[in-house]
Amino acid sequence: MVKVTFTLDDQTVERLRRTASRLAKPQSYVVREAVREYEARSTKLSDRQRARVLAIGDRVVQEPHTRTEAEVDAEVREIRASRRRWAPRPSSRRRP
């Protein structure tokens with residue numbers, strides 16, 4: 001563990017003390033858990049960001065197709081064939 005020093009406002013310190021007391025845990029435990037929770041939450045999209053991404057998706061789905069299904073299928077076949085040409089070949093010898 002590393003010892004650190006932070007400056008917190010009185011209200012935050014009181015919340016920290018109340019929470020630690022209620023949980024019967026050290027204040028450092030409460031801080032570690034709070035940081036862990038905050039970090040996990042910070043990687044998620046906000047409601048505003050989520051709405052924006054969904055709106056973009058809706059617009060994309062509603063736009064007319066620029067190619068036919070047959071053209072898309074042909075391109076996918078071409079990509080797969082290209083990947084197979086460059087994929088490493090499995091060894092014919094079995095290892096014990």
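**Close-up 1. Glu33 and its partner in helix α2 of this predicted model.** At 25% relative accessibility, E33 counts as partly exposed. Its side chain forms a salt bridge with R36, and the closest N and O atoms are 2.1 Å apart. Both E33 and R36 belong to helix α2, where 3 residues, about one turn of the helix, separate them. How many salt bridges does the structure hold? The count is 4, and two others are shown in the next views.

**Close-up 2. A salt bridge within helix α1, between E14 and R18.** Here the closest N and O atoms are 4.0 Å apart. E14 and R18 are both in helix α1, with a spacing of 4 residues, about one turn of the helix. Are these two side chains buried, partly exposed or exposed? E14 is partly exposed, because its relative accessibility of 37% falls between the limits of 20% and 50%. R18 is partly exposed as well, with a relative accessible area of 45%.

**Close-up 3. E75 and R67 joined by their side chains.** This pair meets in a salt bridge at 2.3 Å, N to O. E75 has a relative accessible area of 35%, so this residue is partly exposed. R67 is also partly exposed, its relative accessible area being 41%.

**Close-up 4. Helix α3, residues 47-62.** From the first C-alpha to the last, the 16 residues of α3 reach 23 Å, close to the 22 Å expected at 1.5 Å a residue. How many of the 16 residues of α3 are buried? The count is 0, and the helix is hardly covered.

**Close-up 5. Helix α4, residues 69-86, and its residue W86.** Take a look along α4: its 18 residues reach 26 Å from first C-alpha to last, close to the 26 Å expected at 1.5 Å a residue. Like the helix in the previous view, α4 is hardly covered, with a count of 0 buried residues among its 18. W86 lies in this helix and counts as exposed because its relative accessibility, 74%, is over 50%. How far is the C-alpha atom of W86 from that of E37? The two are separated by 44 Å, and they lie 49 residues apart along the chain.

**Close-up 6. A24, in the loop between α1 and α2.** Pause here for the backbone: A24 has a positive phi of about 55°, although it is not a glycine. Most residues other than glycine have a negative phi. With a relative accessible area of 68%, A24 is exposed.

**Close-up 7. K25 over the face of Y29.** In this view K25 lies 5.1 Å from the ring centre of Y29. What about rings that pair with one another, and how many aromatic pairs are there? For rings whose centres must lie within 6.5 Å, the count comes to 0 aromatic pairs.

**Close-up 8. A nonpolar patch on the surface, formed by V2, V4, F6 and L8.** Together these residues have about 460 Å² of accessible area. V2, one of the four, is placed in the segment before α1, the helix of residues 10-23. Is V2 buried or exposed? V2 is exposed, because its relative accessible area of 73% is over 50%.

Terms used:
Residues numbered from 1 in each chain as written. Predicted model: local features only at pLDDT ≥ 70, side-chain atom pairs only at ≥ 80, totals over all residues. Heavy atoms only, no water. Patch = residues over 30% accessible without salt bridge, like charges linked within 9 Å, V, L, I, M, F, W, Y side chains within 5 Å. Areas by Shrake-Rupley, 256 points an atom, 1.4 Å probe, with all protein chains shown as cover. Helix = DSSP H or I, 4+ residues; strand = E, 2+ residues; numbered from the N terminus. Buried < 20%, exposed > 50% of the residue type's maximum accessible area, 1.4 Å probe, protein only. Phe/Tyr/Trp six-rings, centres within 6.5 Å; stacked < 30°, edge-to-face > 60°. Lys NZ or Arg CZ within 6 Å of the ring centre and 35° of its normal. Expected span 1.5 Å × (residues − 1).
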